[in-house]
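Dear colleague,

Please find below the structure that I am handing over to you. I would be grateful if you would read the notes that follow with it open in front of you.

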Amino acid sequence: MSKKTFNIVTLPGDGIGPDIVGEAVKVMKRIGEIYGYEFNIIEKRMGGIAIDVDGTSLPQDTIDAALASDAVLLGAVGGPKWDHLTNGDRPEKGLLGIRGALKLYANLRPAVLYPQLKHTSPLKEEIIGDGLDILVVRELTGGMYFGEKANSPAYDTTKPDTWASDLEKYSVFEVERILRKGFEAARKRNKKLCCVHKANVLESSRLWRSVFERVKLEYTDVETSELYVDNAAMQLVRNPRQFDVIVTSNIFGDILTDEASQVAGSIGMLASASLGDGTLGLYEPIHGSAPDIAGKNLANPLATILSVPMLFRYSLGLDKEAKAIEDAVNEVLNAGYRTGDIFNKEKDDPSKKVGTKEMGALVVAALK
Ligand code: IPM
Ligand code: MG
């Protein structure tokens, strides 16, 4: 009998990207051995590495391969090396481009605090309680990220009347589909959804609010609330446990997910999924490329490894295999193993402080 084959495009990208994607691939391959699947790994370039090799942050060949694949696993892009390019390209442009090209409008970012890592949250224990589990559903292909960009005809930043603008524009269609993703996600969790906007000031947010008020009538089983984004930012540190699912725009989601990731302790633990209407999705750790520690066996591969269960569930329908990876990660954490970013000098055993490769190997060994 031939094994079922899944085509997975990997985009290791820049900095620590190749280090962490390498470990996640080992985890996938081991799952293939245990459960009888073939994971056909197709590595492509995106980001700074693609600028260097192909002359563009997002080669067409990468888009084509991603579109033809079952799922895409991304490491991280960017670094100081590409911060001052004069041709308008940037590693981040590749990331935005692939989100757009694959029509991945829904970004799911769980902020989970593992009980074993409680001490990594900067918040007081009485606020954190027995952990945190928030899901931010961020709109990903609209708003000012993709809205019309403009500059004054004479662009000279030494002149006070020079201007630049990014348009925050949302259609009912765009808002409604992401709100529905939020409601669907809430239904599978604790049935609470908070819509974050700035409707006291922004016209685009008033549209979000009005669509939310209409759509929520169809989800009477979900308890709803709304917060202005500034208040939401405050509530996330004041009382994060009030949240189950948060749904919001591209820019607000970008900011709130960085905040939520800190509240949830190490950013080195958090995975994310970017989805569209079909099963194709792009999965990535939410942290950046950390160029200073690239190739030094110091990065925490767990966020990328934990992106694989999301990939399995949303794109491949492999639920029990997804759970097997999460169980293995839990087992390794329970056994006390820590990479530097989640290592606590007072509480953890120095002999169990491990590097990227060791952490990957421990998870592989713990897979059942
Ligand atoms: C993120 C990142 C990206 C974003 C950058 C790298 C373009 O911050 O995924 O949150 O702003 O969306
Ligand atoms: Mg961000």
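Is M46 buried or exposed? The model is a predicted one, and in it M46 has 0% relative accessibility. Buried means under 20% relative accessible area, so M46 counts as buried.

As for its place in the chain, M46 belongs to the loop that joins β2 (37-43) to α2 (48-54). Leaving aside neighbours within four places in sequence, M46 is in contact with L11, G13, D14, S57, L58, L74, V77, G94, L95 and I98. For a sense of distance, you may also wish to locate W208: 162 residues separate M46 from W208 in sequence, and their C-alpha atoms are 33 Å apart in space.

The second matter is ligand 1. Its surroundings consist of E92, R99, R109, R138, Y145 and D254. Sorted by character, the residues of this shell comprise five charged, one nonpolar and no polar.

Three of these side chains deserve your attention when you inspect the ligand. R99 places a polar side-chain atom 2.7 Å from an oxygen atom of ligand 1. For R138, the distance from a polar side-chain atom to an oxygen atom of ligand 1 is 2.8 Å. In the case of Y145, an N or O atom of the side chain is 2.6 Å from an oxygen atom of ligand 1. Ligand 1 would expose 320 Å² if taken alone, and the protein buries 76% of that area.

Yours sincerely,
A colleague

Conventions: Residues numbered from 1 in each chain as written. Chains lettered and ligands numbered in written order. Predicted model: local features only at pLDDT ≥ 70, side-chain atom pairs only at ≥ 80, totals over all residues. Heavy atoms only, no water. Near = heavy atom within 4 Å. Polar contact = N/O pair within 3.5 Å; in protein donor to acceptor, adjacent residues only side chain to side chain. Areas by Shrake-Rupley, 256 points an atom, 1.4 Å probe, with all protein chains shown as cover. Nonpolar A, V, L, I, M, F, W, Y, C, P; charged D, E, K, R; others polar. Helix = DSSP H or I, 4+ residues; strand = E, 2+ residues; numbered from the N terminus. Buried < 20%, exposed > 50% of the residue type's maximum accessible area, 1.4 Å probe, protein only. Contact = heavy atoms within 4.5 Å.
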